[in-house]
Structures are given as C-alpha cells and as structure tokens.
Amino acid sequence: GLYRAPMGGLMASTRAFASVTVGSVGHSHRRAGASAAKPAASRVAHARWSAKAAYSETGDVTARGAGSGRARRPGSRSGLHVVALTQVGATIPAALTLASLVKYSAAGGLGGLVSHTPSVPLDVIKTKLQTQPEKYKGMDMWQIGTEIARTEGIGSIFTGAGTTAVGFTLHGVFKYSGFEALKFMTFKHGAGYKAGDAIAVFSQDHRIQTLLFAGAMAELFATLILCPLEQTKIKMISDPNYADGWVSGVKRLIQEEGVEGIVSTLPVIWTKTIPYTMFQLATYDVTSSALRSWANGLPFEPPSIALQLPAALLAAVIASLASQPGDTLMSTFNGECPDGAEECPGFDFVEDEELDEDGMMKPKRRGLLETAMGLGPGGLMLGWKERLAHTALIVVIQLTVYDDIKRALFR
C-alpha cells in the first residue's frame with residue numbers, strides 16, 4: 001500500500017500518507033527522534049511523490065526523497081501520462097491527437113519491421129514442421145533447418161522475408177496506434193474517472209479486461225492488412241514452387257483465390273492473431289507498468305531494459321501459448337499439399353475425387369472445424385517449442401523497440 005496511490009480519489013492517498021505519519025511517530029517513541037527522522041522523512045516524501053504521480057495530468061512531477069539523494073523519475077512527460085501504474089496497470093495518453101497517433105504508428109511500424117524480419121528462418125522451420133510433420137518427424141530445429149537448406153537451397157531459409165517485412169510493418173502501424181487509441185477512449189472516456197463517467201469507471205475497475213478488449217479490437221482491424229501477405233508467405237514456404245517472390249506470390253494469390261477467397265480465410269487467421277495480440281499487449285502493459293512503479297522505491301534507478309526484458313519475456317510466453325492452436329490451424333489451413341503427396345494435414349483424399357493429370361487423386365481441403373478436430377489437442381500444439389523461440393525473439397525486440405521509440409517521441 002505505501003507506494004500505490006489509487007485513482008479512486010484523494011482519500012486513498014490521504015490514508016497512505018497517514019499510515020506513514022503514524023508509523024513514523026510510533027517509531028520515534030522507540031528510538032531517538034534524530035535517528036528516526038531521516039528514514040521517516042524519506043518515506044513521507046515518497047508517499048507525497050506517489051500521490052503526485054498518480055493524480056498529475058500534465059507536466060513533469062519530480063521529488064527528491066529526503067536523505068536519499070536520488071531524484072524521483074517523472075510521472076508524465078509531454079502528453080504521455082503514466083496513471084497510477086500499479087492500480088491501473090496501463091500507461092494512458094493524456095490526449096489523443098493526430099500527432100500522437102502518427103507517433104504511435106511510427107513506433108509500432110518500426111517495431112514490427114525490426115522484430116519480425118530477423119526471425120524469418122525460425123518461422124520457416126516452424127511452418128515446415130506444421131505443414132509437413134511426417135517429413136520432419138523427430139528432428140529438432142537445427143536438423144530441420146539443415147534439411148531445408150540441403151534439399152531446397154540455403155536461400156529457402158529466408159522464404160517469405162519480403163511479405164514479412166511489408167506485412168508486419170503495416171500491421172504494427174495499425175495494431176499499436178489502435179491499441180493506444182482504444183486505451184484512451186476507454187480509460188479517459190467522456191468526463192473521465194473522477195467525474196464518474198460510467199465507461200471510464202468500468203475500465204478502471206476492470207483494467208485487465210479492458211486492455212484485453214483493446215488488444216482484440218486493434219488486432220481485428222490490423223489483421224485485415226496482414227491477411228493476404230501472411231497467406232502468401234505460408235504458401236511460399238509450404239510449396240517452394242509457388243512463386244519467385246512476394247510480389248508475384250500476392251498476384252497469384254489474388255488471381256487464384258480472389259478477394260472473396262482471401263476474406264474467407266480471415267476467421268482462421270483471427271484464431272491466431274487476436275489471442276496473440278490480446279495477451280501480448282495486456283501482459284506487457286500491466287507487467288512493465290508494475291515493475292516501473294516498484295522500481296521507484298529502489299535507492300538507484302535501474303536501466304530501462306532491466307524492467308522491459310522480464311515483462312516482454314512473460315508477454316511472449318503467454319501470447320505464444322494462447323495463440324498456438326490458432327497458429328497451427330492457420331499454417332495447416334493455408335498450406336499447400338505438394339504434388340505427389342499421399343497425406344497432408346488439413347486435406348482429405350477421397351475415393352470419388354476427380355483425378356489430376358498424373359492419375360492421382362486430388363486432395364480436398366477440409367473446413368476449419370473439421371481441420372481442428374482432425375488435428376486434436378496434440379496436433380494443435382505441434383511446433384509449440386519452435387514457435388516459442390520464434391515468438392520470444394519477436395516479442396522482446398518488438399516491445400522494447402516500440403517502448404523506447406514511443407517514450408523518445410513523446411519527450
């Protein structure tokens with residue numbers, strides 16, 4: 001309680017301040033007044049700073065703990081308002097303007113680009129394992145990568161790098177700006193929490209659920225941009241002859257599937273992207289905010305990465321596991337069945353199916369529910385270890401880059 005200043009009103013901070021004062025008075029009766037005054041003064045100063053940081057609307061809030069010699073860090077800077085971190089579990093913009101949305105978009109786009117592009121080889125290995133499980137059964141990541149390079153060429157390890165770079169740059173733009181905008185529109189709705197606005201009060205009282213909702217809605221629209229590029233990438237990985245590059249791959253996808261065909265795959269992609277973003281952003285927002293609030297009580301100021309890294313790793317683990325079934329479904333549902341294959345995940349080979357040019361039965365793609373039931377719980381989690389390594393790399397880079405750029409832009 002001492003370092004947590006709730007948003008509920010002045011009474012909460014008054015009680016925290018009173019508890020410090022009473023504690024310090026009792027302590028002074030047991031020890032000499034001079035020896036107890038210094039720590040008590042420091043604790044009182046910290047309580048005052050905590051209350052200021054919680055209620056500040058604009059400007060920098062700083063205080064120096066008596067005897068500690070360390071300046072407290074700002075509660076907010078130039079429009080980026082940190083509101084009662086341990087209570088709200090979210091950093092809320094003080095204002096939502098076109099300029100602030102552009103800054104969030106720039107930070108999110110750059111974060112998506114630099115995090116997803118270096119991880120392409122891991123994504124190729126994971127997708128190969130999911131679309132051709134029999135071929136790579138019993139192999140670890142290194143063995144799968146070596147086999148891909150041996151049979152398809154070293155360049156195949158970087159298949160889909162173009163679609164990944166373009167797709168996740170655009171995806172990051174809409175994902176992060178949408179998330180920040182929705183946080184503002186819920187936590188600061190109408191007249192705000194202090195004025196008793198119903199939506200703002202509900203958001204504060206159900207902060208984690210609100211953050212999950214904001215992440216889900218932001219991803220719902222961001223996926224619309226990502227969808228055709230992700231489909232193209234999976235088809236290029238599962239079938240090396242699908243296209244020579246991402247541009248020709250997207251053209252072939254549109255020609256063969258049409259807009260209606262691409263849109264029809266949105267539900268299966270949402271089964272991966274929505275849980276992933278919900279838990280990634282909400283976990284990081286709450287955890288990093290709580291760690292920063294906790295760090296304010298330390299006698300030294302830890303480096304930013306020391307607080308970002310554990311929050312990002314936790315977000316990576318939770319987001320990866322929550323979205324693993326959807327990731328397997330997406331890879332299976334959008335994958336191609338190579339020519340001559342007798343069995344492919346997500347496809348049926350039925351006796352009365354028409355034959356192809358070589359007299360082989362053409363595979364028939366299963367529906368989404370049928371594919372999920374056919375894979376079963378174990379099949380839906382196929383490749384989770386490989387994907388966890390892939391996701392951890394992406395999430396840690398993306399969140400730390402986004403966080404640092406966002407804070408730099410709002411100085």
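Reader: Which helices each supply at least two residues of the nonpolar patch?
Author: The model is predicted: local features need pLDDT of at least 70, side-chain atom pairs count only at pLDDT 80 or more, and totals for chains, interfaces and linings use all residues. Residues are numbered from 1 along each chain as its sequence is written, and side-chain values use heavy atoms, with hydrogens and water left out. Helices (H or I, at least four residues) and strands (E, at least two) are DSSP runs numbered from the N terminus. On that numbering, the helices that each give at least two residues to the patch are H7, H9 and H10.

Reader: How much accessible area do the residues of the nonpolar patch on the surface have together?
Author: Patch residues have over 30% relative accessible area and no salt bridge; like charges are joined within 9 Å, and nonpolar side chains (Val, Leu, Ile, Met, Phe, Trp, Tyr) within 5 Å. A salt bridge is a side-chain nitrogen of Lys or Arg within 4 Å of a carboxyl oxygen of Asp or Glu. Areas come from the Shrake-Rupley method with a 1.4 Å probe, and for residues only the protein chains shown count as cover. Val-166, Leu-170, Phe-174, Phe-221, Leu-224, Ile-225, Trp-246 and Val-247 form the patch, and their accessible area together is about 670 Å².

Reader: What does Val-166 count as at 30% relative accessibility?
Author: Val-166 is placed in helix H7. Buried means under 20% relative accessible area, exposed over 50%, and partly exposed in between (1.4 Å probe, protein chains only). At 30%, Val-166 is therefore partly exposed.

Reader: Which helix gives the largest share of the largest nonpolar core?
Author: A nonpolar core is a set of buried Ala, Val, Leu, Ile, Met, Phe, Trp, Tyr and Cys residues joined through side-chain atoms within 4.5 Å. The largest has 28 residues, of which Phe-179, Tyr-284, Val-395 and Leu-399 touch the most other members. At least two residues each come from H4 (98-116), H7 (161-187), H9, H11 (266-295), H12 (304-334) and H14 (384-409). The largest share, six residues, is that of H11.

Reader: How many residues does the other core hold, the one with Tyr-242 among them?
Author: Tyr-242 sits in the loop between H9 (207-238) and H10 (246-264), and its relative accessible area of 3% makes it buried. Leaving aside neighbours within four places in sequence, it contacts (heavy atoms within 4.5 Å) Lys-235, Met-236, Gly-249, Arg-252, Leu-253 and Glu-256. The core that includes Tyr-242 also has Cys-227, Ile-234 and Met-330 among its members, and its size is 15 residues.

Reader: Which residues does Thr-391 touch, not counting those up to four places away in sequence?
Author: Thr-391 is in helix H14. Its relative accessibility is 2%, so Thr-391 counts as buried. With that exclusion, Thr-391 touches Tyr-276, Ala-316 and Ser-320.

Reader: How many residues apart in sequence are the parts that the pair of Tyr-104 and Phe-410 ties together?
Author: Rings of Phe, Tyr and Trp (its six-membered ring) pair if their centres lie within 6.5 Å; planes under 30 degrees apart are stacked, over 60 edge-to-face, and the rest tilted. Two aromatic pairs are present, and that of Tyr-104 and Phe-410 is tilted, with 5.0 Å centre to centre and 35° between the planes. Tyr-104 is buried at 0%, as is Phe-410 at 5%. Because Tyr-104 lies in H4 and Phe-410 in the segment after H14, the parts tied together are apart in sequence by 306 residues.

Reader: What distance separates the C-alpha atoms of Lys-406 and Gly-108?
Author: Lys-406 belongs to helix H14 and is buried, with a relative accessible area of 5%. Lys-406 and Gly-108 are 298 residues apart along the chain, and their C-alpha atoms are separated by 8.5 Å.
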